[in-house]
Amino acid sequence: MIFNKNTAKKTAEVLLQINAIKLSPKEPFTWASGWKSPIYCDNRIVLSFPPIRNYIRETMANHIEKQYGKPDVIAGVATGAIGIGMLVAQYLDLPFIYVRPDAKGHGRKNQIEGFIESGQNVVVVEDLISTGKSSLNAVKALKEANINVKGMVAIFTYGFDVAAENFKKEGIMLQTLSNYDNLLEQALDTNYISQKELETLSEWNTNPSEWNAV
């Protein structure tokens, strides 16, 4: 679920401007999973552009406060959302923690890094949602530490059905600044893609694991 249409379009616009998102239906990318994809998203690039990272930080923080009030803590999902999560926490004047994919194999063997107390309320910040598995892995770690997860916010989601199913199954509300549908709409409006390319990109999103470039 996006926060609102205006935010979704504006966020898509700035992500395309700085090449945090690239659309290449004719020369698709290969993801780590082996999937062929006409889109590649690396929202960490946002951190290198102060005006845009400030926009993302403030927009996300304002929506968090509107939706949840002020939680006790902001949590980022390592590694992609550590930077933006910390910026959001700073803007809201809240403590920040981050969650590793797995517990460290040495030292204190933490999976959750930073200080948080049992029973506190947290909103989780993510940079990108694909299937949602890694994001929900962080939620699981927080819940096992008796932390109350109010919800998750992310910069962008591909909008896969499997992600919606995974979040519904775990009972976690996910809200994003933008999503795939609004990205394509913005890209078409600004002539970043053609109508034919829009059709190809839409086709990929319905069955990404089986899609082959045209």
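1. Let me start with Trp31, which is buried in this predicted model. Its relative accessibility is 14%, and anything under 20% falls in the buried class. Its ring partner Tyr158 is buried too, with a relative accessible area of 3%.

2. How many aromatic pairs does the model hold? The count comes to eleven. In the pair of Trp31 and Tyr158, the ring centres are 5.0 Å apart and the planes stand at 40°, so the pair is tilted. What I like here is the reach along the chain: Trp31 sits in the loop between β2 (29-30) and β3 (36-37), while Tyr158 sits in the loop between β9 (148-157) and α5 (161-170), and the two are 127 residues apart.

3. A second pair is worth a look alongside that one. Trp35 and Phe160 have ring centres 5.9 Å apart and planes at 70°, so this pair is edge-to-face. Trp35 is in the loop between β2 and β3 and Phe160 in the loop between β9 and α5, so the pair ties together parts 125 residues apart in sequence. As for accessibility, Trp35 is partly exposed at 22%, whereas Phe160 is buried at 5%.

4. Both pairs belong to a wider group. Which residues make up the aromatic cluster? Its members are Trp31, Trp35, Phe156, Tyr158, Phe160, Tyr180 and Trp204. Please keep Phe156, Tyr180 and Trp204 in mind, as these cluster members come back in the points below.

5. Now for the sheet. Six strands form an open sheet in the order β7-β6-β5-β8-β9-β10, and the pairing is mixed. At the edges are β7 (112-113) and β10 (174-179), each of which pairs on one side only. Helix α1 (residues 5-17) packs on this sheet, where α1 touches β9 and β10 and makes an angle of about 55° with the direction of β10.

6. Strand β8 (residues 121-129) deserves its own point. Four bridges pair it with β5 (residues 73-77) in the parallel sense. Within that pairing, Ile74 has Val123 as its bridge partner, and Ala75 stands opposite Val124. On to β9: β8 and β9 run parallel and are joined by eight bridges. Here Leu128 is the bridge partner of Phe156, the residue of β9 that is also a member of the aromatic cluster. Is β8 enclosed or open to its surroundings? Eight of its nine residues are buried, so β8 is largely enclosed by the rest of the structure.

7. The two helix pairs make a nice comparison in your viewer. Helix α4 (residues 133-144) packs with α5 at about 10°, their axes 10 Å apart; that angle makes α4 roughly parallel to α5. On the α4 side the contact is made by Lys133, Ser135, Leu136 and Lys143, and on the α5 side by Asn166, Phe167 and Glu170. By class, these residues are two nonpolar, two polar and three charged.

8. In the other pair, helix α6 (residues 180-189) and helix α7 (residues 195-206) have axes that come within 10 Å and cross at roughly 170°, which makes α6 roughly antiparallel to α7. Tyr180, Leu184 and Leu188 of α6 meet Gln195, Leu198, Leu201, Ser202, Trp204 and Asn205 of α7. This contact has six nonpolar, three polar and no charged residues. Tyr180 and Trp204 are the two familiar names here, since they are part of the aromatic cluster as well.

9. Finally, some backbone details to check. Most residues other than glycine have a negative phi, and most peptide bonds are trans. Against that background, the peptide bond from Ala78 to Thr79 is cis, with omega near -5°. Thr79 is in the loop between β5 and α3 (82-91).

10. Two asparagines also merit a glance. Where do they lie? Asn19 is in the loop between α1 and β1 (21-23), and Asn146 is in the loop between α4 and β9. Asn19 has a positive phi near 65°, and Asn146 has a positive phi of about 65°. Asn19 is partly exposed, with a relative accessible area of 38%; Asn146 is partly exposed as well, with 47%.

Key: Residues numbered from 1 in each chain as written. Predicted model: local features only at pLDDT ≥ 70, side-chain atom pairs only at ≥ 80, totals over all residues. Heavy atoms only, no water. Phe/Tyr/Trp six-rings, centres within 6.5 Å; stacked < 30°, edge-to-face > 60°. Buried < 20%, exposed > 50% of the residue type's maximum accessible area, 1.4 Å probe, protein only. Pairing = 2+ DSSP bridges. Contact = heavy atoms within 4.5 Å. Axes fitted to C-alpha atoms, helices over the stretch in contact; angles between N-to-C directions. Parallel < 35°, antiparallel > 145°, perpendicular 65-115°, else oblique. Nonpolar A, V, L, I, M, F, W, Y, C, P; charged D, E, K, R; others polar.
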